[in-house]
Amino acid sequence: MTELEKEKIISDVKKLIRDVPDFPKPGIIFKDIMPFLSDNRTFKNTIKYLASRYKDKNISKVIGIEARGFIIAAPLALEIGAGFVPVRKKGKLPYKTISVTYDLEYGTDTLQIHEDAVKKGENVIIVDDVLATGGTAKAVCELTKKLGGNVSEILMLIELEFLKGREKLKDYELFSLIKY
Ligand code: AMP
């Protein structure tokens with residue numbers, strides 16, 4: 001894929017991200033990726049572009065973060081020949097899990113992964129739609145490491161740079177397609 005083709009994909013994706021003000025609460029501008037997901041050509045080309053970053057990187061698993069991360073992680077996993085692994089909110093995964101609890105603005109949240117989802121030494125990519133404060137992605141990195149996995153890269157469709165999530169993740173490789 002040429003640089004020109006990549007730039008075209010990024011500009012196509014940008015046009016398909018919808019700002020929804022005051023969702024889910026006043027003051028938040030929600031980055032809605034649904035118009036992007038419903039555009040077959042742009043969604044497909046984006047997955048191809050993202051997959052091209054991981055050729056010859058020996059990635060075993062692509063972890064998607066509930067819920068919109070699943071939608072990007074699953075086709076990416078298929079495209080690069082890796083397995084798909086969900087990280088979910090507490091109480092949703094059926095088999096034996098390990099957990100991580102992390103701080104939110106008010107209170108805490110707990111995420112879980114199946115204990116057999118990543119094997120020791122496997123290279124893993126962690127995927128979500130939006131990087132905000134970085135707390136969620138960092139928690140998923142911790143889950144991955146607890147299982148002995150290697151975080152090859154954190155991959156975000158959108159990065160909200162003003163929230164400085166990247167600083168919280170400076171121990172990791174981080175790639176985002178679009179920055180605001
Ligand atoms: P954080 O842990 O602060 O990086 O928050 C990341 C999670 O919240 C991701 O799963 C995002 O999908 C979601 N999120 C945070 N802010 C936004 C936003 N402005 N628009 C859409 N999703 C968001």
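The protein contains six helices and nine strands in this predicted model. The C-alpha trace spans about 45 × 40 × 30 Å along its principal axes. For 180 residues, a compact globule would be expected to have a radius of gyration near 16 Å; the value computed for the protein is 16 Å, and the two therefore agree.

The ligand sits in the largest pocket. Elements giving two or more residues to the shell around the ligand are β2 (29–32), β7 (123–131) and α5 (135–146). This shell is made up of five nonpolar, four polar and four charged residues. Of the 13 residues around the ligand, those that come nearest are Arg68, Asp128, Asp129, Thr133 and Thr136.

Contacts between N or O atoms of the protein and the ligand involve both side chains and backbone. In the side chain of Thr136, an N or O atom is placed 2.5 Å from an oxygen atom of the ligand. The side chain of Asp129 likewise has an N or O atom at 2.6 Å from a ligand oxygen atom. At Lys31 the contact is made through the backbone, where an N or O atom lies 2.9 Å from a nitrogen atom of the ligand. On its own, the ligand has 480 Å² of accessible area, of which the protein covers 80%.

Several backbone features fall in loops. The loop between β1 (18–21) and β2 holds Pro24, and the peptide bond leading from Phe23 to Pro24 is cis, with omega near 0°. Asp22 is found in the loop between β1 and β2. Although Asp22 is not a glycine, its phi is positive, at about 60°. The strand β2, which follows in the description of this loop, is also among the elements that give two or more residues to the ligand shell.

A cis peptide bond is also present between Glu66 and Ala67, where omega is about -10°. Ala67 is located in the loop between β3 (59–65) and α4 (68–80). The residue range of α4 begins at 68, and Arg68 is one of the residues that come nearest to the ligand.

Technical notes. Residues numbered from 1 in each chain as written. Predicted model: local features only at pLDDT ≥ 70, side-chain atom pairs only at ≥ 80, totals over all residues. Heavy atoms only, no water. Near = heavy atom within 4 Å. Polar contact = N/O pair within 3.5 Å; in protein donor to acceptor, adjacent residues only side chain to side chain. Areas by Shrake-Rupley, 256 points an atom, 1.4 Å probe, with all protein chains shown as cover. 1 Å grid on protein atoms, 1.4 Å probe; cavity = no way out; pocket = protein on both sides within 12 Å on 5 of 7 lines; lining within 4 Å. Sits in = over half its atoms within 2 Å of the grid points. Helix = DSSP H or I, 4+ residues; strand = E, 2+ residues; numbered from the N terminus. Nonpolar A, V, L, I, M, F, W, Y, C, P; charged D, E, K, R; others polar. Rg over C-alpha atoms; globule rule 2.2 N^0.38 Å.
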